[in-house]
Amino acid sequence: MSATKEKTRATVEKYRRNDLDTGSPEVQVALLTDRIRHLIEHLKTHRKDHATRRGLMMLVGQRSRLLRYLKSRSFQRYRDLIASLGLRK
């Protein structure tokens, strides 16, 4: 099993709301945050990779929409999530 699958599984287990949860907004935002952080590290060494930069901007927008949805549904869950992920909002 690759390190990516193990990291994904660990992230899902940390942020899920129950045993069968893999698609709640918390899990989705956490997975997107992992991917965003990975792409940021990639772009630090490959500054001219504009295709990756575009993909990064799309992921940031998707995460922003999910956070907005979570904020409108449950403000306390939103605050807990951004605190645990270390996001600025």
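Here is a short back-and-forth on how the labels for this predicted model are earned.

User: What makes up the fold, in terms of helices and strands?

Analyst: The chain has 4 helices and 0 strands, and from the N terminus its elements run α-α-α-α. The C-alpha atoms fill a box of roughly 40 × 35 × 20 Å along the principal axes.

User: Why is S24 called buried or exposed?

Analyst: Buried means under 20% relative accessible area. S24 sits at 9% relative accessibility, so it counts as buried. That residue is in the loop between α1 and α2. Leaving out residues up to four places away in sequence, S24 touches Y15 and R17.

User: And what about R79, why does it get its label?

Analyst: The partly exposed class lies between the buried limit of 20% and the exposed limit of 50%. R79 has 45% relative accessibility, so it counts as partly exposed. You'll find R79 in helix α4. R79 and D21 are 58 residues apart in sequence, with 20 Å between their C-alpha atoms.

User: What makes Q28 buried, partly exposed or exposed?

Analyst: With 31% relative accessibility, Q28 counts as partly exposed, because that value falls between the two cut-offs. Q28 belongs to helix α2, and it touches G23 and L66 once residues up to four places away in sequence are set aside. The C-alpha atoms of Q28 and L59 are separated by 11 Å, and the two residues are 31 apart along the chain.

User: How much of the chain counts as buried?

Analyst: Of the 89 residues, 31% count as buried.

User: How do you know that the length of α3 agrees with its residue count?

Analyst: Helix α3 covers residues 50-73, which is 24 residues, and at 1.5 Å a residue it should span 34 Å. The end C-alpha atoms of α3 are 35 Å apart, so the two values agree.

User: Which residues of α3 are buried, and what do they pack against?

Analyst: They are T52, L56, L59, R63, L66, L67 and L70. The buried residues of α3 pack against α2 and α4 (75-85). L67 gives a good example: apart from neighbours within four places in sequence, it is in contact with V29, Y78, L81, I82, L87 and K89.

User: What makes a group of residues a nonpolar core, and which members touch the most others here?

Analyst: The members have to be buried nonpolar residues joined through side-chain atoms within 4.5 Å. The largest such core has 19 residues, and Y15, V29, L67, L81 and L85 touch the most other members. Each of α1, α2, α3 and α4 supplies at least two residues of this core, and the largest share, 7 residues, comes from α2. As a general point, nonpolar side chains tend to be buried together in soluble globular proteins.

User: How do α1 and α2 pack, and at what angle?

Analyst: Helix α1 (residues 3-15) and helix α2 (residues 25-45) pack at about 145 degrees, with 9 Å between their axes. The crossing of α1 past α2 is right-handed.

User: Which residues meet there, and how many are nonpolar, polar or charged?

Analyst: From α1, K7, T8, T11, V12 and Y15 meet E26, V27, A30, L31 and D34 of α2. The residues of this contact divide into 5 nonpolar, 2 polar and 3 charged.

User: What share of the chain's contacts join residues at least 24 apart?

Analyst: Among contacts between residues at least 6 apart in sequence, 44% join residues at least 24 apart.

How values were computed. Residues are numbered from 1 along each chain as its sequence is written. This is a predicted model: local features need pLDDT of at least 70, side-chain atom pairs count only at pLDDT 80 or more; totals for chains, interfaces and linings use all residues. Side-chain values use heavy atoms; hydrogens and water are left out. Axes are lines fitted to C-alpha atoms, for helices over the stretch in contact, and angles run from 0 to 180 degrees between N-to-C directions. A crossing is left-handed if the near helix is turned anticlockwise from the far one by less than a right angle, and right-handed if clockwise. Contact means heavy atoms within 4.5 Å. Ala, Val, Leu, Ile, Met, Phe, Trp, Tyr, Cys and Pro count as nonpolar, Asp, Glu, Lys and Arg as charged, and the others, Gly among them, as polar. The expected span of a helix is 1.5 Å times one less than its number of residues. Buried means under 20% relative accessible area, exposed over 50%, partly exposed in between (1.4 Å probe, protein chains only).
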